[in-house]
Amino acid sequence: MSLHVAIRPGVEADLPTFFEHQSDPEAVRMVIARPRTGPAFFEHWAKVLIDPAVTHRAILADGALAGMINAFDAEGHRWVGYWLGRQWWGRGVATRALGLLLAEESARPLHARAARSNVASIRVLERNGFVLRGYGMSEETERFPACEEARFLLER
Ligand SMILES: CC(C)(COP(=O)(O)OP(=O)(O)OC[C@H]1O[C@@H](n2cnc3c(N)ncnc32)[C@H](O)[C@@H]1OP(=O)(O)O)[C@@H](O)C(=O)NCCC(=O)NCCS
């Protein structure tokens, strides 16, 4: 049975669940990230919640808080990103959530990137029409070690 997926604006009460999702060592390995500490996480997302330039959405699967999905500005482009709790993986939730976000978010083009090894995330993008522009080494940042990443674009 497929899950009913919906998105709604994120609220502060969601943040402890998102912190759990984004501290999960398996998810962190998949993304190839360095998890934020609790204080850094809550400080970052409290700012995002009141930032009118970010489309920040909670993902609901059968009414339960399953993860987050966002569109945001960085490096002169508009980007999308998403993260689900592990218990929700592999059931089509991210694919549908991205479809819902794309219906709400009118900015184009949209950019996305994923570690080349993150096959699930790459499939989520492809299923929603994003086109692979190529692979390259990402630059190391405080949040992300350098890795080979796949770069995607949604033109319209
Ligand atoms: C990446 C992530 C969002 C995928 O979400 P999901 O809801 O499990 O994805 P879906 O169920 O919609 O699956 C999308 C596709 O990936 C495939 N897939 C799912 N999990 C997979 C896995 N672990 N390995 C390989 N393929 C996988 C599915 O079979 C599906 O492929 P299909 O379209 O060919 O059938 C989720 O695993 C996650 O939140 N991971 C941690 C955070 C993350 O990686 N965020 C993205 C950073 S770029």
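**Exercise 1. Determine how β3 is joined to β4, and what the turn between them looks like.**

Solution. Eight bridges join β3 to β4, and the two strands run antiparallel; strands are DSSP E runs of at least two residues, helices are H or I runs of at least four, and both are numbered from the N terminus, while two strands pair if DSSP finds at least two bridges between them. This is a predicted model, in which local features need pLDDT of at least 70 and side-chain atom pairs count only at pLDDT 80 or more, whereas totals for chains, interfaces and linings use all residues. Residues are numbered from 1 along each chain as its sequence is written. Within the pairing, Ile 69 has Tyr 82 in β4 as its bridge partner. The two strands form a hairpin with two residues between them, and Glu 75 in the turn has a positive phi of about 50°, although Glu 75 is not a glycine. Glu 75 counts as exposed because it has 6 C-beta neighbours inside 10 Å; with C-beta atoms placed from the backbone, a residue is exposed if 12 or fewer others lie within 10 Å of its own, buried if 20 or more do, and partly exposed in between.

**Exercise 2. Describe the hairpin of β2 and β3, and decide whether Asp 62 is buried, partly exposed or exposed.**

Solution. Begin with the pairing: seven bridges join β2 to β3, which run antiparallel, and Leu 60 stands opposite Leu 65 in β3. Next comes the turn, where two residues lie between the strands and Asp 62 takes a positive phi near 50°, although Asp 62 is not a glycine. Finally, Asp 62 has 13 C-beta neighbours inside 10 Å and therefore counts as partly exposed.

**Exercise 3. Check the length of α4, and find which of its residues are buried and what covers them.**

Solution. The expected span of a helix is 1.5 Å times one less than its number of residues. The 12 residues of α4 should therefore span 16 Å, and the end C-alpha atoms of α4 are 17 Å apart, which agrees. The buried residues in α4 include Val 93, Ala 94, Arg 96, Ala 97, Leu 98 and Leu 101. Their cover includes β1 (5–9), β2 (55–61), β3 (64–74), β4 and α5. Ala 97 counts as buried because it has 27 C-beta neighbours inside 10 Å. Leaving aside residues up to four places away in sequence, Ala 97 touches Val 5, Ile 7, Ile 59, Ile 69 and Tyr 82, where contact requires C-beta atoms, placed from the backbone, within 7 Å.

**Exercise 4. Which elements supply the shell around the ligand, and what classes of residue does it hold?**

Solution. The ligand is surrounded by 22 residues, and the closest are Leu 84, Ala 94, Thr 95, Ala 120 and Arg 123; a residue is near a molecule if its C-beta atom, placed from the backbone, lies within 6 Å of it. At least two residues of the shell come from each of α2 (25–31), β4 (77–84), α4 (93–104) and α5 (119–127), and α5 gives the largest share, six residues. By class, the shell has 13 nonpolar, six polar and three charged residues, where Ala, Val, Leu, Ile, Met, Phe, Trp, Tyr, Cys and Pro count as nonpolar, Asp, Glu, Lys and Arg as charged, and the others, Gly among them, as polar.

How values were computed:
Two residues are in contact if their C-beta atoms, placed from the backbone, lie within 7 Å.
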